[in-house]
Amino acid sequence: MALPVKDQLRYWGIAAAVFVVLLYLLGDVLLPFVIGGAIAYFLDPVADRLEKLGLSRIAATGIITVVGVLGFILMILMVVPALITQLLDLIDILPSLFKELRAFIEQRFPALLDSESNTHQMLVSFGETLKSKTGDVLQTVLASLGSAINVVVLLVIVPVVAVYLLMDWDRMIARIGELLPRDHAPTIKRLAVDIDAVLASFVRGMGTVCLILGTYYAVALMLVGLQFGLIVGFIAGLVTFIPYLGALIGGTLAIGLALFQFWGDWAHIGLVAGVFAIGQVTEGNFLTPKLVGSSVGLHPVWLLLALSVFGALFGFVGMLIAVPVAAALGVLARFATEQYLNSRLYTGLEGLNQDDE
């Protein structure tokens, strides 16, 4: 005999509450395992395809691991040194950039430096507020880095977790399916398939979009002669999965650097702006529709809300799980809406009369 709905809701509510509390308390500890699980999830389709070619699961996992390690080493040797060099150069040149900015303001907008002007007073007040908060922000960031992102631990634990989960992924999914409540197993499996489809379309698709756009921005900005083009392209591509933020941050940073580097040479400044304009047109009209699809169901506002809420509640780990949780909640919301539209609560007496007929 199945449990009453009221008891089922109580048990599942308690389980969800325990999960949220554990995530809040153990978020820093769980970070390597969350990243490792995400990597295994992304690579599982590759392993499945290798198995279809006749390889065993162990052999497929071994090939993926070797290719991944070689790709990581290649990235460390070729890309990371250039990124670090450009980042250090950018830090070194920041004082001179601020001096040039002050000289530019003195020449073009002298009212901003007039101590009696309202605009100057507002900027000074904003600067003092920002300065007072900087210490707290830096302290929080350093504490988070010290407790949550131990680089050595990540580099050791994440690959191990990813390899073991990838090797046992299909068995784990099958075992979870066996443990589902028998009365609700078909519905839960259908919802899981829908959630997986949303994640596959969005996360894997957006990962490809980020990689393509990041490479395009970095190469194009270096070709037009912009200093620090590689790091600007890397930043723009990295945050492209957040709607509009990649273009906003990358475009603002690139055009700001171009104004300092090419001031007066409006052709080069226009080229830099054109690089981001082409990137946005390509992303909106070709890359995202083709690689992500229009039926994913993750509205940009919903995604921004999920990232903000989970980031505020659970820190960096929360931001990592925000997208899958948002996808799951979206699927569950559509399922709940479907159930509501077919219920007596929605149809009322009219629906009852139609059923009788």
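Trainee: Aspartate 44, is that buried or exposed?
Mentor: Buried. Aspartate 44 has a relative accessible area of 10%. The cut-off for buried is under 20%, so aspartate 44 qualifies. Keep in mind that this is a predicted model.

Trainee: Where does aspartate 44 sit?
Mentor: In helix α2.

Trainee: And what is aspartate 44 in contact with?
Mentor: Arg57, Leu166, Trp169 and Asp170. That leaves aside its neighbours within four places in sequence.

Trainee: Let me zoom out. How many helices and strands does the protein chain have?
Mentor: It has 12 helices and 0 strands. Read from the N terminus, every element in the run is an α.

Trainee: What share of the residues is buried?
Mentor: 27% of the 357 residues in the protein chain.

Trainee: And the surface, how much does the protein chain expose?
Mentor: About 22900 Å². Carbon and sulfur atoms supply 72% of that area.

Trainee: What about contacts between residues 24 or more positions apart?
Mentor: Take the contacts with a separation of 6 or more. Residues 24 or more positions apart account for 69% of them.

Trainee: On to the inside. How many residues has the largest nonpolar core?
Mentor: The largest nonpolar core has 49 residues. Those with the most contacts inside it are Leu221, Leu226, Val232, Ala254 and Phe276.

Trainee: Which elements give two or more residues to this core?
Mentor: Two from the N-terminal part of the list are α2 (27–52) and α3 (57–78). Then come α6 (151–179), α7 (185–223), α8 (229–238) and α9 (245–261). The list ends with α10 (266–292) and α11 (300–341).

Trainee: Where does the largest share come from?
Mentor: From α11, with 13 residues.

Trainee: You listed Val232. What does valine 232 touch?
Mentor: Leu221, Gly250, Leu253, Ala254, Leu257 and Phe276. Residues up to four places away in sequence are not counted there. Leu221, Ala254 and Phe276 also appear among the core residues with the most contacts.

Trainee: Val232 is in α8, right? Which residues of α8 are buried?
Mentor: Gly229, Leu230, Ile231, Val232, Gly233, Ala236 and Gly237. That makes 7 of the 10 residues, so α8 is largely enclosed by the rest of the structure.

Trainee: How do the axes of α7 and α8 cross?
Mentor: At roughly 160 degrees, and they come within 7 Å. An angle over 145 counts as roughly antiparallel, so α7 and α8 are roughly antiparallel to each other. Their crossing is right-handed.

Trainee: Which residues meet there?
Mentor: From α7, Cys210, Gly214, Tyr217, Ala218, Leu221 and Met222. From α8, Gly229, Leu230, Val232, Gly233, Ala236 and Gly237.

Trainee: What about methionine 222, how does its accessibility count?
Mentor: As partly exposed, at 40% relative accessibility. Methionine 222 is found in α7. Its C-alpha atom is separated from that of glycine 233 by 9.2 Å. The two are 11 residues apart along the chain.

Trainee: New topic. Where is proline 159 found?
Mentor: In helix α6. Proline 159 is partly exposed, with a relative accessible area of 39%.

Trainee: How many residues separate proline 159 and isoleucine 35 in sequence?
Mentor: They are 124 residues apart in sequence. In space they are 9.2 Å apart, C-alpha to C-alpha.

Trainee: Now leucine 259. What does leucine 259 touch?
Mentor: Trp266 and Ile269, not counting residues up to four places away in sequence. Leucine 259 has its place in helix α9. Its relative accessible area is 32%, which means partly exposed.

Trainee: And what separates leucine 259 and valine 272 in space?
Mentor: 9.8 Å, C-alpha to C-alpha. Along the sequence they are 13 residues apart.

Trainee: Last one. Leucine 303, buried or exposed?
Mentor: Buried, at 1% relative accessibility. Leucine 303 is in helix α11. Leucine 303 and valine 323 are 6.9 Å apart, C-alpha to C-alpha, and 20 residues apart in sequence.

Key:
Residues are numbered from 1 along each chain as its sequence is written. This is a predicted model: local features need pLDDT of at least 70, side-chain atom pairs count only at pLDDT 80 or more; totals for chains, interfaces and linings use all residues. Side-chain values use heavy atoms; hydrogens and water are left out. A nonpolar core is a set of buried Ala, Val, Leu, Ile, Met, Phe, Trp, Tyr and Cys residues joined through side-chain atoms within 4.5 Å. Buried means under 20% relative accessible area, exposed over 50%, partly exposed in between (1.4 Å probe, protein chains only). Helices (H or I, at least four residues) and strands (E, at least two) are DSSP runs, numbered from the N terminus. Contact means heavy atoms within 4.5 Å. Accessible areas come from the Shrake-Rupley method with a 1.4 Å probe; for residues, only the protein chains shown count as cover. Axes are lines fitted to C-alpha atoms, for helices over the stretch in contact, and angles run from 0 to 180 degrees between N-to-C directions. Angles under 35 degrees count as roughly parallel, over 145 as roughly antiparallel, 65 to 115 as roughly perpendicular and the rest as oblique. A crossing is left-handed if the near helix is turned anticlockwise from the far one by less than a right angle, and right-handed if clockwise.
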